[in-house]
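Visitor: Please take me through one part of this model at close range, with the contacts around it. I would like a single connected account rather than a list.

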Amino acid sequence: MPDIKKLLGAKISRLRKEKGISQMQFAEMLGLSTNALSVIETGNGFLTAETLEKILFHLDIEPDELFSFGGLKTNENILKNILKNLDIIKNNRVKLVTIDGILKSLI
């Protein structure tokens with residue numbers, strides 16, 4: 001049986017990083033200590049309903065997006081994720097060169 005706290009914490013962490021928000025900044029937005037947010041993101045603790053509402057607001061997502069942990073992804077969704085990740089690293093030449101090499105080997 002999956003550990004919902006770990007799944008949810010990892011999802012919050014990933015979504016926060018995709019938005020380019022540091023853990024310290026996000027904790028401040030949520031009115032939490034950095035340690036409290038870390039406990040949530042590592043799945044070692046659970047959040048309150050109030051914190052959940054703040055997370056949804058600041059990440060600008062709907063509850064179903066936060067609580068979706070898998071299932072079959074369409075090609076469109078996979079591509080959307082790839083493009084989001086590329087946008088995150090667009091200024092990191094080393095990572096872009098690595099990805100370019102991987103793509104060339106697949107084509």
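Guide: A starting point is Asp60, which sits in the loop between α4 and α5, the latter spanning residues 63-66. The model is a predicted one, and the values below are to be read in that light. Asp60 has a positive phi of about 55° although it is not a glycine. Its relative accessible area is 64%, so Asp60 is exposed. In sequence, this residue with positive phi follows α4, and the rest of this account works back from there into the helix and its partners.

The buried residues of α4 are Thr51, Leu52, Ile55, Leu56 and Leu59. Around the helix axis they cover an arc of only 140°, which puts them on the same side of α4. The general background is that an α-helix has 3.6 residues a turn, so residues three or four places apart point the same way. On the face turned away from the buried side, α4 carries the exposed residues Ala49, Glu50, Glu53 and Phe57. The buried residues of α4 pack against α1, α2, α3 and α5.

Thr51 deserves a separate look. It belongs to helix α4. Its relative accessibility is 9%, and Thr51 therefore counts as buried, the cut-off being under 20%. With neighbours within four places in sequence left aside, Thr51 is in contact with Leu30, Leu32 and Ile40.

The next step is the packing of α4 on α2. Packed helices are described by the angle between their axes and the distance between the axes. For α2 and α4 the angle is about 120° and the axes are 9 Å apart. That makes α2 oblique to α4. The crossing of these two helices, α2 and α4, is right-handed. On the α2 side the contact involves Phe26, Met29 and Leu30, which meet Thr51, Lys54, Ile55, His58 and Leu59 of α4. By type, the residues of this contact between α2 and α4 are five nonpolar, two polar and one charged.

α2 also packs on α3. Here the axes of α2 and α3 come within 8 Å and cross at roughly 100°. The two helices α2 and α3 are therefore roughly perpendicular to each other. From α2, the residues Gln23, Met24, Phe26, Ala27 and Leu30 meet Thr34, Leu37, Ser38 and Glu41 of α3. The contact of α2 with α3 divides into five nonpolar residues, three polar and one charged. Phe26 and Leu30 of α2 appear in the contact with α4 and again in the contact with α3.

That leaves α3 itself, residues 34-41, where Leu37, Ile40 and Glu41 are buried. Viewed down the axis of α3, these buried residues fall within an arc of 95°, so they line one face of the helix. The elements covering them include α1 (4-18), α2 (23-30) and α4 (49-59). Ile40, buried in α3, is one of the residues in contact with Thr51. After α3 comes Gly43, which has a positive phi near 80°. A residue with positive phi thus follows α3 in the case of Gly43 and α4 in the case of Asp60.

Conventions. Residues are numbered from 1 along each chain as its sequence is written. This is a predicted model: local features need pLDDT of at least 70, side-chain atom pairs count only at pLDDT 80 or more; totals for chains, interfaces and linings use all residues. Side-chain values use heavy atoms; hydrogens and water are left out. Buried means under 20% relative accessible area, exposed over 50%, partly exposed in between (1.4 Å probe, protein chains only). Helices (H or I, at least four residues) and strands (E, at least two) are DSSP runs, numbered from the N terminus. The arc is that of the directions from the helix axis to the C-beta atoms. Contact means heavy atoms within 4.5 Å. Axes are lines fitted to C-alpha atoms, for helices over the stretch in contact, and angles run from 0 to 180 degrees between N-to-C directions. Angles under 35 degrees count as roughly parallel, over 145 as roughly antiparallel, 65 to 115 as roughly perpendicular and the rest as oblique. A crossing is left-handed if the near helix is turned anticlockwise from the far one by less than a right angle, and right-handed if clockwise. Ala, Val, Leu, Ile, Met, Phe, Trp, Tyr, Cys and Pro count as nonpolar, Asp, Glu, Lys and Arg as charged, and the others, Gly among them, as polar.
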